[in-house]
Amino acid sequence: MRNSIVAAGVVATLAALAWGCDSAPEDPFHPELAAAGLALGPPAWDVPLAWRGPGLPFPPEENPWPSIREERVRTLLGPAMTRAGVDAWLLILRENHNDPLASHVAGENAGGTAVFLFFREGETGVRSVALSPPGEATALADVGFHGEVVALDAREGALNRAASLLREVNPARIAVNSSGLAVADGLSWTQRGFLEGALGSELSRRLVSSEELVIQWLSVKTPREVEIMARAAEITAALELEAYARVVPGLTTDAEVARYLKRRMAQLGVGDGWAPSQNPNVNSGPDRGHSHSTERVIRAGDVIQTDFGIRIWDMWVTDIQRFAYVLAPGESTPPREMQERWDAARAGNRAAFHAMRPGVRGVDVDRAQRAVMDAAGSLDVYWSTGHPVGFWAHDVGPSLGGGQRGRDPSPHAQRELLEGHVFAFDGFHSWELTGEEVGTKTISVEEMAVITRDAAEWLIPPQEDLILIPSR
């Protein structure tokens, strides 16, 4: 992909011509331009297309999640239990206030209280048993996710049957979803009390938090998942370029660019990668952190940051940033100082990329990026270099952080990278603004990569050059 692009402020037709939708997106940002005959021609560059067929790029009827989650249990859960040092995992499922991991274990349709048990067998094997009220047991058996589905007698509760089974198997360490990590904290205080009452004091002493198990399991993605996320990343980046092509300096606001991307998401049938009020975050002014886009008017000399992610099949997300510079009248390239800032941020991103491989700690990746920042004269940046991404924009796993001045690395920054980890990560360059606007401005070249057997691999080709938007 070539990213050295001069955006022509065009009336984009990618929805109809390239993306297989029924109609083009609402055109343009400013209808008064079209009324005055000022609408321009087709896009002036080749956008990398992730979807060329009819219909939606991720049709609901083709959702692969049911087969992928079965694969994740079959191939990844046993090794994760071994790494976490647990012998069994117990989840309690219920209607209306379900466990956060219910959809990962085929428990999203729970009615009456059910208990799912996973037992480690050897170093890599796992056996699952679902203890379910009779009303849901038939459907659970039809799904075929669990090795054994037990329809409970109406007089026998799921917790009592689980206690009997655990006494038979006699695991030394039983993980339960009780943790400071939100996604591994599905067990309520009341459920915990009922569970310990059913288990008795001996088995209750064997209960441990599932936090480490959940991190070890969810952080690793299968090759099929990586392929899906790469397709979604292509669309994410392409939509950002499409939106930049429609910017009219002096008229278009950050919020208008964000609203355009929202419309395109709706047309393509994808959701928000994170909090809808903060996605996408389009910012042409001083740093705002994670925030909503404002009605600030884009103008010459601005660096525009678009931090954007989509959710596909309501399961996997992307997190990619693309940066543009608004040329002043008569300019054909950015000023030397601006180009140097971009080059420095890109170099930091590439330093992080080359530092990533299995066995490396997250903090060491962060430090590799910050060494480039320091050499280029960047201000310090509060945010970490990167984070896991997959089921959430800030997924579980190693944090690519801890190298900030005056901060000790967190336990997650001390974690080692594993094959199958996927990260969104930045290269930073930050400076103090001068003139009418106060604060800092940070270029944060954010890309996505997956950890392979001995290195890192881009999910999609990274942005090489600033996208250039001419003034009119």
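Arginine 264 is buried, at 0% relative accessibility. That value is computed on a predicted model, and so is every other value in this talk. Where is arginine 264 placed? It sits in helix α9. Its side chain has a polar partner: glutamate 242, at a distance of 2.5 Å. So why call arginine 264 buried? Because the label applies under 20% relative accessible area, and this residue has 0%.

Now stay with α9 and step off its end. Helix α9 covers residues 254-268. Glycine 269 comes in the loop between α9 and β7. Is glycine 269 buried or exposed? Neither label fits: glycine 269 counts as partly exposed, at 45% relative accessibility. Keep glycine 269 in view, and look for tryptophan 313. These two residues are 44 residues apart along the chain. Yet 8.9 Å separates their C-alpha atoms.

Next, the loop that holds tryptophan 313. This loop runs between β10 and β11. Aspartate 314 is in the loop between β10 and β11 too. Look at the backbone here. Tryptophan 313 is not a glycine, but its phi is positive, about 50°. Aspartate 314 is not a glycine either, and its phi is about 55°, also positive. What about burial? Tryptophan 313 is buried, with a relative accessible area of 13%. Aspartate 314 is exposed, at 62%. So we have neighbours in one loop, one buried and one exposed.

On to the strands around that loop. Which strands make up this open sheet, and in what order? There are three, in the order β7-β10-β11, and the pairing is antiparallel. Take the edges. Strand β7, residues 271-272, stands at one, and β11, residues 316-317, stands at the other. Each edge strand has a single partner, so one side of each has no neighbour in the sheet. Now β10 and β11. Strand β10 spans residues 310-312. Two bridges join β10 to β11. You can pick out a facing pair: isoleucine 312 stands opposite tryptophan 316 of β11.

What lies across these strands? Helix α8, residues 223-244, lies across β10 and β11. The helix runs at about 140° to β10.

One more backbone feature before we move on. Which two residues are joined by a cis peptide bond? They are asparagine 279 and proline 280, with omega at about -5°. Proline 280 is in the loop between β7 and β8. Strand β8 then takes up residues 281-283.

Now a second buried charged-type site to look at: aspartate 395. Find it in the loop between β13, residues 386-388, and β14, residues 422-425. Aspartate 395 counts as buried, at 8% relative accessibility. Which side chain makes a polar contact with the side chain of aspartate 395? Lysine 221 does, at 3.1 Å. A polar atom of the aspartate 395 side chain also lies 2.9 Å from the backbone nitrogen of phenylalanine 391. Set aside neighbours within four places in sequence. Then aspartate 395 is in contact with Lys221, Pro388, Val389 and Gly390.

Let's turn to empty space. Rolling a probe the size of a water molecule over the atoms shows where space is left. The largest pocket holds about 800 Å³. It is lined by 40 residues. Which of them are closest to the centre? His290, Trp383, Ser384, His387 and His394. Strands take part in the lining as well. At least two residues each come from β9, β13 and β16. Strand β13 gives the most, with three residues.

There is one cavity of 30 Å³ or more. The largest cavity has a volume of about 40 Å³. Its lining residues include Leu90, Leu91, Ile92 and Asp99. Further along the chain, the lining also includes Val176, Asn177 and Gln191. Which strand has the largest share of that lining? Strand β1, residues 88-93, with three residues.

Last, the whole protein. Its secondary structure comes to eleven helices and 19 strands. There are 472 residues, and 55% of them are buried. Now take contacts with a separation of 6 or more. Of these, 71% are between residues 24 or more positions apart.

How values were computed. Residues numbered from 1 in each chain as written. Predicted model: local features only at pLDDT ≥ 70, side-chain atom pairs only at ≥ 80, totals over all residues. Heavy atoms only, no water. Helix = DSSP H or I, 4+ residues; strand = E, 2+ residues; numbered from the N terminus. Buried < 20%, exposed > 50% of the residue type's maximum accessible area, 1.4 Å probe, protein only. Polar contact = N/O pair within 3.5 Å; in protein donor to acceptor, adjacent residues only side chain to side chain. Contact = heavy atoms within 4.5 Å. Pairing = 2+ DSSP bridges. Axes fitted to C-alpha atoms, helices over the stretch in contact; angles between N-to-C directions. 1 Å grid on protein atoms, 1.4 Å probe; cavity = no way out; pocket = protein on both sides within 12 Å on 5 of 7 lines; lining within 4 Å. Points joined across faces, edges and corners; volume = space filled by probe spheres on them.
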